Amino acid sequence: MTEQPVYKRVLLKVSGEALMGSREYGLDKAMVQTIASDIADVVAFGVEVCLVIGGGNIFRGVSAAASGMDRAQGDYIGMLATVMNALAMQAALEKLNVPTRVQSAIPMASVCEPYVRRRAQRHMEKGRVVIFAAGTGNPFFTTDTAAALRAAEMGCNVLLKGTQVDGVYAADPRKNPDAERYNELTYLDVLSRDLSVMDAAAISLCRENHLPIIVFNIHETGAFGRVIRGEGRFTRIVETQ
């Protein structure tokens with residue numbers, strides 16, 4: 001990357017499914033390493049980066065609740081799954097000599113740091129990547145909401161959501177090739193059209209804090225860096241178009 005980044009401090013939200021690669025569940029080592037490499041390139045560019053990683057590749061509380069498990073219990077299991085993904089990403093980043101800290105909303109001192117806002121901010125100021133694990137620490141809140149919350153707490157310039165497609169569509173483009181793709185939307189557009197970007201709580205939190213959201217394809221090598229420069233294909237969600 002040779003051009004100046006558009007953003008100084010960013011939060012990258014990665015779904016657990018993104019770490020599966022071509023597998024049906026679990027972690028694809030090559031995919032984790034690819035995403036880590038893209039993050040390392042952005043960090044080397046002088047951008048302060050923090051992450052929230054979902055746990056859907058290992059366990060989903062909502063699905064467990066649908067099959068009869070207590071929803072809160074299922075969500076706690078899902079939070080632990082995000083810690084596993086966070087530790088895997090930390091290992092991949094540190095293999096690339098990127099200093100990384102994992103902070104968990106559920107304290108587990110022998111594994112990672114507890115979430116402390118000012119400590120996390122200090123880590124980022126020192127150029128360390130901070131991975132926020134265990135969601136918000138509360139059941140009934142998604143990792144999308146956790147990402148919006150942490151991005152607001154960290155004073156990030158933008159929340160980037162890495163997905164399986166290159167933006168927001170009116171319908172799933174993998175099922176409907178003719179689905180309309182949006183370059184830019186407002187928060188109200190997303191809510192009123194019930195677009196599958198993030199849950200309503202996350203969108204509302206971003207709206208209240210004037211935090212732009214950018215949706216892009218995490219599987220395209222180098223896409224994270226291009227978005228940081230304002231290039232490539234993505235959908236931008238803001239207050240007004």
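# Exercises on a predicted fold

Val43 is buried, at 18% relative accessible area (buried is under 20%, exposed over 50%, partly exposed in between, with a 1.4 Å probe and protein chains only). The model is predicted: local features need pLDDT of at least 70, side-chain atom pairs count only at pLDDT 80 or more, and totals for chains, interfaces and linings use all residues. Residues are numbered from 1 along each chain as its sequence is written, and side-chain values use heavy atoms, with hydrogens and water left out.

## Exercise 1. Place Val43

Find the element that holds Val43, then list its contacts beyond four places in sequence.

Solution.
- Step 1. Val43 lies in helix 1. Helices (H or I, at least four residues) and strands (E, at least two) are DSSP runs, numbered from the N terminus.
- Step 2. Contact means heavy atoms within 4.5 Å. Leaving aside neighbours within four places, Val43 touches Val49, Val98, Gly127 and Val129.
- Step 3. Now take Ala152, 109 residues away along the chain from Val43. The two C-alpha atoms are separated by 20 Å.

## Exercise 2. Order the sheet

Which strands stand at the edges of the nine-stranded sheet?

Solution.
- Step 1. Two strands pair if DSSP finds at least two bridges between them. In general, strands of a sheet pair through backbone hydrogen bonds, either parallel or antiparallel.
- Step 2. The sheet is open, with nine strands in the order 4-3-5-2-1-6-10-11-9 and mixed pairing.
- Step 3. Strand 4 (113-114) and strand 9 (184-186) each have a single partner strand, so one side of each has no neighbour in the sheet. These are the edges.
- Step 4. Move inward. Strand 2 (residues 48-53) and strand 5 (residues 129-133) are parallel, over three bridges. Leu51 stands opposite Ile131 of strand 5.

## Exercise 3. Follow strand 6

Trace the pairing of strand 6 with strand 1 and with strand 10. Then decide whether its faces are covered or not.

Solution.
- Step 1. Strand 1 and strand 6 pair in the parallel sense over five bridges. Lys13 has Lys161 as its bridge partner in strand 6.
- Step 2. Strand 6 also runs parallel to strand 10, joined by five bridges. Here Lys161 stands opposite Val215.
- Step 3. Six of the six residues in strand 6 are buried.
- Step 4. In a regular strand the side chains alternate between the two faces of the sheet.
- Step 5. Both faces of strand 6 are covered. Val158, Leu160 and Gly162 are buried on one side, and Leu159, Lys161 and Thr163 on the other.
- Step 6. Add helix 5 (residues 143-154). This helix lies across strand 1 (9-14), strand 2, strand 5 and strand 6 (158-163). Helix 5 runs at about 170° to strand 1 (axes are lines fitted to C-alpha atoms, for helices over the stretch in contact, and angles run from 0 to 180 degrees between N-to-C directions).
- Step 7. Thr143 is found in helix 5. At 19% relative accessibility, Thr143 is buried. Its contacts beyond four places in sequence are Lys13, Val52, Ile53, Gly54 and Thr82.

## Exercise 4. Map the cores

Which element gives the most residues to the largest nonpolar core?

Solution.
- Step 1. A nonpolar core is a set of buried Ala, Val, Leu, Ile, Met, Phe, Trp, Tyr and Cys residues joined through side-chain atoms within 4.5 Å.
- Step 2. The largest core has 42 residues. Ile39, Val49, Met89, Leu160 and Phe224 touch the most other members.
- Step 3. Suppliers of at least two residues include helix 1 (29-44), helix 3 (71-95), strand 10 (213-217) and helix 8 (223-228).
- Step 4. Helix 1 gives the most, with eight residues.
- Step 5. Another core, of 29 residues, lies apart. Among its members are Met124, Tyr182, Val197 and Ile237.

## Exercise 5. Classify the aromatic pairs

How many aromatic pairs does the whole structure hold?

Solution.
- Step 1. Rings of Phe, Tyr and Trp (its six-membered ring) pair if their centres lie within 6.5 Å; planes under 30 degrees apart are stacked, over 60 edge-to-face, and the rest tilted.
- Step 2. The search finds two pairs.
- Step 3. Tyr115 and Phe132 have ring centres 5.6 Å apart and planes at 80°, so this pair is edge-to-face.
- Step 4. Phe216 and Phe224 have centres 6.3 Å apart and planes at 10°, so this pair is stacked. Phe216 and Phe224 are buried.

## Exercise 6. Count the disulfides

How many disulfides are there?

Solution.
- Step 1. A disulfide is a pair of cysteine sulfur atoms within 2.5 Å.
- Step 2. The sulfur of Cys112 is 16 Å from the closest cysteine sulfur, that of Cys50, too far for a bond.
- Step 3. For Cys156, the nearest cysteine sulfur is that of Cys50, 3.8 Å away, and Cys156 is in no disulfide.
- Step 4. The count is zero.
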